[in-house]
Amino acid sequence: MNDPHEFGVLPDGRSVTAYRLGHPGALQLTVLDLGAIIHRLELPGPGGEPINVALGLPSVPDYLDSDAYFGAVVGRYANRIADSRFTLDGTSYQLAANEGRTCLHGGLDGFHTRRWEVLASPRADVGERLALRLVSPDGDQGFPGRLEVIATYQVAGPVLTLDLQALTDAPTVVNLTNHVYLNLAGEGRGSVDEHRLVVDADEYLPVDEHGIPLGSLAPVAGTPFDLREPRPVGAAARGDHEQVGLVGGIDHSFQPRGPAAGGGLRRAAALSDPASGRGLELWTDQAALQVYTGNALSGDVVGTSGRRYRQGDGIALETQVHPDAMNHPRLTSPVLRPGQRYAARTQWRFTW
Ligand code: BGC
């Protein structure tokens, strides 16, 4: 690990440390032990200078005050749970609602503002791998079971890999993801409207006005959700379709083709910025991909570089299971039982 340094201090006096992974002139990552947040993700610019392509905030209080989940590992259940409720093995659980009646990204006190413990790693000396651990007690935000989570970031050449693993001591539900917003032109450089997006999915999950899935997958063909060929993000997010209108852009779960959990990695999406020539492919073993075009970024926060983030200034490609999946038996189950290991892998394969 190169150069860990103090990033700030929490209200209870504990310090927040920033860890850097990767090497100058190549992919470099700065991760905080607050929320396991990707604070900076730098790719080399034309002259080799680092260009930060991840939206982030300048200070600890900014992260604690924000409800945009910049760069964080979100959990226990990324995305929405209808009425903050589910039933498992005959027992009903009422969770902490934080968006009207909905539980979003883990509830009132999600993983994104917890301080994670940094684990020593055998590879720590080479500055390429960082493992962070979080224990969520039984009953945390209403979720059953004590959940132990390990998030491991690894940088190898132009590839960033995130492994999310979890164990429980009682039946529960788990859905973890990283919520990084990307702007390949550089964070704070305006909108990603002209980025080209591919989503390798024939189906997506229509939602109601609260972002809750209606229950069944629908074909993307003939809709703004048809991203099987590269399309400008702005054109999709402004598409003339009722589903786009309901959530003010794209904020939907897609079902990438190919195997789901356990079946190995397959490409779920690709994003490129024709102006800078930077791009990425997103590979995952997860069943679903939430595409969120930064619809709620509203100019109320100033990012790392001192520029304000407005609507559409970043795009989040969140690998996960579908929202509210525990309440829809036809969707991939998010149930985790004692003795099973939750394991989700996501890779960002960058080009520059
Ligand atoms: C959700 C959005 C939500 C955002 C919060 C995304 O993952 O899909 O609906 O507004 O997170 O930052």
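Start with the ligand and select the residues around it, meaning those with a heavy atom within 4 Å of it: Asp 67, Ala 68, Tyr 69, Arg 80, His 105, His 179, Tyr 181, Asp 251, Gln 290, Tyr 292 and Glu 318. You're looking at a predicted model, where local features need pLDDT of at least 70, side-chain atom pairs count only at pLDDT 80 or more, and totals for chains, interfaces and linings use all residues. Residues are numbered from 1 along each chain as its sequence is written, and side-chain values use heavy atoms, leaving out hydrogens and water.

Try colouring that shell by class: four residues are nonpolar, three polar and four charged. Here Ala and Tyr count as nonpolar, Asp, Glu and Arg as charged, and His and Gln as polar.

Now pick out Arg 80, which has a side-chain N or O atom 2.8 Å from an oxygen atom of the ligand. Hop over to Glu 318: one of its polar side-chain atoms also sits 2.8 Å from a ligand oxygen. For Gln 290, the distance from a side-chain N or O atom to a ligand oxygen is 3.3 Å. Taken alone, the ligand exposes 310 Å² (Shrake-Rupley method, 1.4 Å probe), and the protein buries 92% of that.

Next stop: Ser 276. Find it in the loop between the strands β23 (266–273) and β24 (278–284); strands are DSSP runs of E, at least two residues, numbered from the N terminus. Is Ser 276 buried or exposed? It's partly exposed, because its relative accessibility is 29%, and that label covers the range between buried (under 20%) and exposed (over 50%), with a 1.4 Å probe and protein chains only.

Finally, add Trp 352: its C-alpha atom is 8.2 Å from that of Ser 276, though they're 76 residues apart along the chain.

Conventions:
Helix = DSSP H or I, 4+ residues; strand = E, 2+ residues; numbered from the N terminus. Polar contact = N/O pair within 3.5 Å; in protein donor to acceptor, adjacent residues only side chain to side chain.
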